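Me: I should like to learn how the features of a structural model are read. May we take them in turn, with the general idea first and the case at hand second?

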Amino acid sequence: MFSAEIEKFIKKGKYPTFRPKAIFFDMDGVLFDSMKSHASAWVEALRKVGLPFTEYEAYLNEGRTGSSTIDVVFSKVYGRNATDNEKQTIYQLKTKFFEACQKPKRMPYVFELLKKVQAQKLEIFVVTGSGQSNLIDSLETHFPGVFNKDKMVTAYEVKQGKPHPEPYLKALKKSGFEAWEVIVIENAPLGIESATKAGLFSIGVNTGPLESKILTNSGANLVFNSVKKLYEQWEEFCNICN
Ligand code: CA
């Protein structure tokens, strides 16, 4: 069932083949079940400064840097971007509300999926728009022995966050692989858009409230309704890749 999507990807990118050697994992909503906390923290922080924002909008804008998310809201309400001071105030509030939320847990079945990927000797990268230092630090606590600080691209390293292709292009450069040698695993439409613009094969895992077709429309090559579903079909998919 996956071969048609792989053929389509090779043809569109005019690639010689598709032979994955590395997997680029998004963090929030893929590795951590943290999006509910992010979404409610955004809603509360923006409400505090009198700006309307819903959790659904937070999911639609997931993957942007904090600064870009605040600009989206300001543009809609005031027709201009936020100033640095306004951004600082709102982002501090958002961080405060986020940290008051329950500590995010691992997404169900993602550790098991990572272990399969490790056993296949595929390289593992993290590509995230997050600048939440506590979450990045806690990768090692939650996934001991899986991640390597040299194989990460975070909000600190990119000028333009998702949906711009920069985060995934940066990861591709760091990895040293070709576009047809990596797979992106993402849960957010803007993350999929970023991966697609970077010319990469993307797997959408729909772990939030958005309709799966939004991920497909953003360019996802495959969409699964949960990380568990992807975990269950991983071997079948990999057999077709090789
Ligand atoms: Ca995400």
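The dialogue below treats helix packing, nonpolar cores, backbone geometry and single residues.

Reply: Please keep in mind that this is a predicted model.

Me: Let us begin with helix packing. At what angle do helix 6 and helix 11 pack, and how far apart are their axes?

Reply: Helix packing is read from an angle and a separation of axes. Helix 6, residues 110-119, packs against helix 11, residues 227-241, at about 25 degrees, and the axes are 9 Å apart. Angles under 35 degrees count as roughly parallel, so helix 6 is roughly parallel to helix 11. The crossing of helix 6 past helix 11 is left-handed.

Me: Which residues make the contact between helix 6 and helix 11?

Reply: Helix 6 contributes Val-110, Glu-112, Leu-113, Lys-116 and Val-117, while helix 11 contributes Val-227, Leu-230, Tyr-231, Trp-234 and Glu-235. By class, the residues of this contact are 7 nonpolar and 3 charged, with no polar ones.

Me: How is the pair formed by helix 2 and helix 5 arranged?

Reply: The same reading applies. Helix 2 (residues 35-48) and helix 5 have axes that come within 8 Å and cross at roughly 135 degrees. Helix 2 is therefore oblique to helix 5, and it passes helix 5 in a right-handed crossing. On the side of helix 2 the contact involves Ser-37, His-38, Ala-41, Trp-42, Glu-44, Ala-45, Leu-46 and Lys-48; on the side of helix 5 it involves Ile-90, Tyr-91, Leu-93, Lys-94, Phe-97 and Phe-98. The residues of this contact divide into 9 nonpolar, 2 polar and 3 charged.

Me: I turn to the interior. How many residues has the largest nonpolar core, and which of them have the most contacts inside it?

Reply: A nonpolar core is a set of buried residues joined through side-chain atoms. The largest one here has 57 residues, and Phe-24, Leu-31, Ile-185, Trp-234 and Phe-237 have the most contacts inside it. Helix 11 gives the most to this core, with 6 residues. Another core lies apart from it and has 15 residues, among them Met-35, Val-73, Ile-90 and Leu-210.

Me: With which residues is Phe-24 in contact, leaving aside its neighbours within four places in sequence?

Reply: The partners of Phe-24 beyond those neighbours include Phe-125, Val-127, Tyr-168, Ala-171 and Leu-172. Also among them are Ser-175, Val-182, Ile-183, Val-184, Ile-185 and Leu-200.

Me: Which residues of helix 9 are buried, and what covers them?

Reply: Burial within a helix is read residue by residue. In helix 9, residues 189-197, the buried residues are Pro-189, Leu-190, Gly-191, Ile-192, Ser-194 and Ala-195. Their cover includes helix 3 (55-60), helix 8, strand 4 (182-186), strand 5 (201-205) and helix 10 (212-217). After helix 9 comes Gly-199, with a positive phi near 80 degrees.

Me: What should one look for in the backbone?

Reply: Most residues other than glycine have a negative phi, and most peptide bonds are trans. Departures from this pattern merit inspection by the reader. Lys-14, in the loop between helix 1 (3-13) and strand 1 (22-25), has a positive phi near 55 degrees. Tyr-109, in the loop between helix 5 (84-100) and helix 6, has a positive phi near 75 degrees.

Me: Are Lys-14 and Tyr-109 exposed or partly exposed?

Reply: Lys-14 counts as exposed because its relative accessibility is 76%. Tyr-109, at 32% relative accessibility, counts as partly exposed.

Me: Where is the cis peptide bond, and what is its omega?

Reply: The cis bond joins Lys-162 and Pro-163, with omega about 15 degrees. Pro-163 belongs to the loop between strand 3 (152-153) and helix 8 (166-175).

Me: Finally, how does separation along the chain relate to separation in space for Cys-101 and Met-35?

Reply: The two separations are stated side by side. Cys-101 and Met-35 are 66 residues apart along the chain, and their C-alpha atoms are separated by 11 Å. Cys-101 lies in the loop between helix 5 and helix 6; leaving aside neighbours within four places in sequence, Cys-101 is in contact with Ser-37 and Ser-40.

Me: What is the corresponding account of Val-223 and Pro-20?

Reply: Val-223 and Pro-20 are 203 residues apart in sequence and 18 Å apart in space, C-alpha to C-alpha. Val-223 is in strand 6, residues 222-224, and is partly exposed, with a relative accessible area of 29%.

Conventions:
Residues are numbered from 1 along each chain as its sequence is written. This is a predicted model: local features need pLDDT of at least 70, side-chain atom pairs count only at pLDDT 80 or more; totals for chains, interfaces and linings use all residues. Side-chain values use heavy atoms; hydrogens and water are left out. Axes are lines fitted to C-alpha atoms, for helices over the stretch in contact, and angles run from 0 to 180 degrees between N-to-C directions. Helices (H or I, at least four residues) and strands (E, at least two) are DSSP runs, numbered from the N terminus. Angles under 35 degrees count as roughly parallel, over 145 as roughly antiparallel, 65 to 115 as roughly perpendicular and the rest as oblique. A crossing is left-handed if the near helix is turned anticlockwise from the far one by less than a right angle, and right-handed if clockwise. Contact means heavy atoms within 4.5 Å. Ala, Val, Leu, Ile, Met, Phe, Trp, Tyr, Cys and Pro count as nonpolar, Asp, Glu, Lys and Arg as charged, and the others, Gly among them, as polar. Buried means under 20% relative accessible area, exposed over 50%, partly exposed in between (1.4 Å probe, protein chains only). A nonpolar core is a set of buried Ala, Val, Leu, Ile, Met, Phe, Trp, Tyr and Cys residues joined through side-chain atoms within 4.5 Å.
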